[in-house]
Amino acid sequence: MTDTPQSILTAHGVHKSFGRTVALRGAALEVQPGECVAITGPSGSGKSTLLHCLAGVLMPDSGVVTFRGTRLDALGVDERTRLRRSSFGLVLQFGQLVPELSALENVALPLMLEGRRRPDAAAAATQWLERLEVAQLAHTRPTAMSGGEAQRVAIARALVTSPDIVFADEPTGALDTVTGELALDVLVKATRETEAALVLVTHDNRVAAAAEREVVLRDGAIEAAGDGGPGEPT
Amino acid sequence: MRPLPLTIVLAAGRGRAALVVATTAVTSALLLVAASMARLGRDDAWSSYEQEHLFAPIGDAGTRPGAILAVVLLTVPVLLLLDQAVRLGSTGRHRRYTALSVAGATRRDLRRWAAIEVGAPAVAGALLGVPLWLLLRELLGFRLAMHAGALVPTSVGPGPWTWAILAAVAAYGVLVGRRSGSRATALTGRGGEAGAPRPWPALAVLAGALVAISGRGGSSSADSLATPIAAVLLVTLGTVGLAPWAAHAAGVRAARRARRAATLIAGRRLQADPRPAGRAAAAVGAVGLTVGVLGVFVGDVLATTDPYDRDDYLVPAAIVAVCALLAVVMIALSIAVHSVETTAQHRREMAALVATGVSSSVLTGAQRTECLLTSLPLALAGSAAGSLGYGWLVGLSPAAYAGGAAALLLTASVVAGSVLVTTALVRPWLVAAVDPGNLRTA
Ligand SMILES: Nc1ncnc2c1ncn2[C@@H]1O[C@H](COP(=O)(O)OP(=O)(O)OP(=O)(O)O)[C@@H](O)[C@H]1O
Ligand SMILES: [Mg+2]
């Protein structure tokens, strides 16, 4: 294989169609530990589909995705689910928290599924809520939160299991500019602190500029790869 | 051109219309059976009992009101399913009504259409109840009387009173339709939550208990019938009213103590939306009550009746038990359907949950827990109340205890079994609801 030894996630020749629509035609990507990659491209170019394939949510029609050298397609459904839970984090544009659960319960949920005792899970969840400055919302349900608040809670839920890699699909897309930038700062800072890699789908150039590397997707294939440009934070 | 009502009904979906027809037909047939039992009292009870070879609790004027009540209670799960049928596909209906009102229909027009949507199939169902009743009279009346005691009186035929029942069932259907119409046309959806249910209906239960205790000393024969019926009605209505509160309380308690994620989700769901689960659980409780009474009755029959005569009692009792337990299956199905609808409403959130590594079996587990959390306690309570109440009337003997215990076990296992089976049956819809395709931002 051509994998660089240190990359934790690799994708080669990923094809995915939905009926007659070809969403991905041979997309490829490598992610190094702790790095932040932005995937950009026009609407309908297959960004979300690629992200879902990388995260093992969707299985490609052909092509290989490996995480730490393990092919995702070689794992059974349950093993893949467990891998997603323990090693991946996922942040979406909106509407991802369980509406009936409080913020604290939403964040504690993945830990409870890992078999952690509830008090431990709650303690870890509280720490993450504090870190993302939404501790006061611990007992609030998502329906009573603002978009930005819900997004911070979602970020806490994605990071609480200390994942190796976080996937985010337009995490600021539903927020106004200021709130969006704040949420993005929080996401980038938090993944940096935990040394998790971050794969970020966006069509916002400012967001892409926050990444160390930007890859452009067009018609289901990677068109260009390069550095994040002048906006790269120090 | 099709007549307007038919067009409206077809627009609402054939499946829904069929379900409304079926549930109203069964309701009207059950009520006709109950009414025909009530008509028996007009003749000399013992002569009709001997002529017709009726099942003893129905033939005996003393226990007949209880039998009538049991038949009426059997309509509760059926009406529950009707309610579920009316709510089915409510998002699509909301959209259609919005389009109609944009096209110039007033809210009054919409309410009238909604009434027709449910009312027209309800009228058809009510009418169908008559042949269904006559069929029951043939099978569970004439035919059964040849082998055992008949469950449906055969000496009572259709009469003017039949129309009164049909009109009542049809009117109920129209009413349910109108109510669903005002729900669907309400400008604001059910965004905010109705507050937590309050335990006031407990007062009705208390009143029923007081009536029962105070009535025990009564001696006149009119009293001896009116008091237990009033007591049973008060307790039943109170329990039905109390059920959402109980579901809410059970949810809060389960969520607070949950160690597993599935229990946590189940409990919080009940807490957020306790009414449908509570109503269904109340119906399960009513069925439990019937089975509890039957258990003691059968125990008593086995202990005291000549083996030669037993079939007269046991066969009809078995038929009633089978009907009651079928009702449990129906209720379990209605809860499971409701739970899938809730999941489908939040399909994006649920798909996100699965994408973050929650397997869909955890969600099925949550669904199972949600169904069991309320229905199992109420089934057990209903069954115990039925056994103790009836045992108290006929005198508690070891045989009655054994029958009651058997009824308790049977009810619990049927409730648990049907919840397991129905949640497994609706699993494909649940899995479809959490498909990663639902994560798309479009
Ligand atoms: N579940 C699906 N069913 C059918 N078609 C799909 C599905 N998911 C994606 N597609 C199609 O695949 C193509 C790529 O979709 P995708 O959502 O990956 O694009 P995207 O780059 O994320 O777009 P956007 O920026 O608008 O979110 C589109 O043509 C879309 O219609
Ligand atoms: Mg997308």
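**Close-up views of a predicted model**

**View 1. Five bridges link strand 7 (residues 165–169) of chain A with strand 8 of chain A, the two strands running parallel.** The model shown in this and the following views is predicted. Within this pairing, Asp169(A) has Val201(A) as its bridge partner in strand 8 of chain A. Between the two strands the chain passes through helix 6 (residues 177–193) of chain A, and the resulting β-α-β crossover from strand 7 to strand 8 is right-handed. Strand 8 of chain A also pairs with strand 3 (residues 36–40) of chain A, in the parallel sense and over four bridges. In that second pairing, Val199(A) of strand 8 is the bridge partner of Val37(A).

**View 2. Strand 8 (residues 197–201) of chain A is mostly covered, with five of its five residues buried.** In a regular strand, side chains alternate between the two faces of the sheet. In strand 8 of chain A, Ala197(A), Val199(A) and Val201(A) point one way, while Leu198(A) and Leu200(A) point the other way. Residues of both sets are buried. Two of the residues pointing one way, Val199(A) and Val201(A), also appear as the bridge partners of Val37(A) and Asp169(A), respectively.

**View 3. Glu170(A) and Glu133(A) are non-glycine residues with positive phi.** Glu170(A) is placed in the loop between strand 7 and helix 6 of chain A, and its phi is about 45°. With a relative accessible area of 12%, Glu170(A) is below the 20% cut-off and therefore counts as buried. Glu133(A) lies in the loop between helix 4 (118–131) and helix 5 (147–159) of chain A, and its phi is about 60°. The relative accessibility of Glu133(A) is 60%, so this residue counts as exposed.

**View 4. Helix 1 (residues 47–54) of chain A is largely enclosed by the rest of the structure.** This description holds because eight of the eight residues of helix 1 are buried. The buried residues are Lys47(A), Ser48(A), Thr49(A), Leu50(A), Leu51(A), His52(A), Cys53(A) and Leu54(A). Helix 1 of chain A is followed by Gly56(A), which has a positive phi near 75°.

**View 5. Four strands of chain A form an open sheet in the order 2-1-4-5, with antiparallel pairing.** Strand 2 (21–31) and strand 5 (70–71) of chain A are the edge strands, each pairing on one side only. Strand 5 of chain A is joined to strand 4 (residues 62–67) of chain A in the antiparallel sense over two bridges. In this pair, Arg71(A) of strand 5 stands opposite Thr66(A).

**View 6. Helix 3 (residues 103–113) of chain A packs against helix 4 of chain A with the two axes 8 Å apart.** The packing angle of helix 3 and helix 4 of chain A is about 125°. That angle makes helix 3 of chain A oblique to helix 4 of chain A. The crossing of these two helices of chain A is right-handed.

**View 7. Helix 12 (residues 274–304) and helix 13 (residues 310–345) of chain B cross at roughly 165°, their axes coming within 10 Å.** Helix 12 and helix 13 of chain B are therefore roughly antiparallel to each other. The crossing in which helix 12 of chain B passes helix 13 of chain B is left-handed. Residues of this contact comprise 22 nonpolar, two polar and one charged. Helix 13 of chain B includes Ile331(B), which is buried at a relative accessible area of 0%. Ile331(B) and Ala277(B) are 54 residues apart in sequence, and 9.8 Å lies between their C-alpha atoms.

**View 8. Gly357(B) occupies the loop between helix 14 (347–355) and helix 15 (360–394) of chain B.** The relative accessibility of Gly357(B) is 0%, so this residue counts as buried. Along the chain, 291 residues separate Gly357(B) from Gly66(B), and the C-alpha atoms of the two glycines are 53 Å apart.

How values were computed:
Residues numbered from 1 in each chain as written. Chains lettered and ligands numbered in written order. Predicted model: local features only at pLDDT ≥ 70, side-chain atom pairs only at ≥ 80, totals over all residues. Heavy atoms only, no water. Buried < 20%, exposed > 50% of the residue type's maximum accessible area, 1.4 Å probe, protein only. Pairing = 2+ DSSP bridges. Right-handed = clockwise from strand over helix to strand, strands pointing away. Axes fitted to C-alpha atoms, helices over the stretch in contact; angles between N-to-C directions. Parallel < 35°, antiparallel > 145°, perpendicular 65-115°, else oblique. Left-handed = near helix turned anticlockwise from the far one by under 90°. Nonpolar A, V, L, I, M, F, W, Y, C, P; charged D, E, K, R; others polar.
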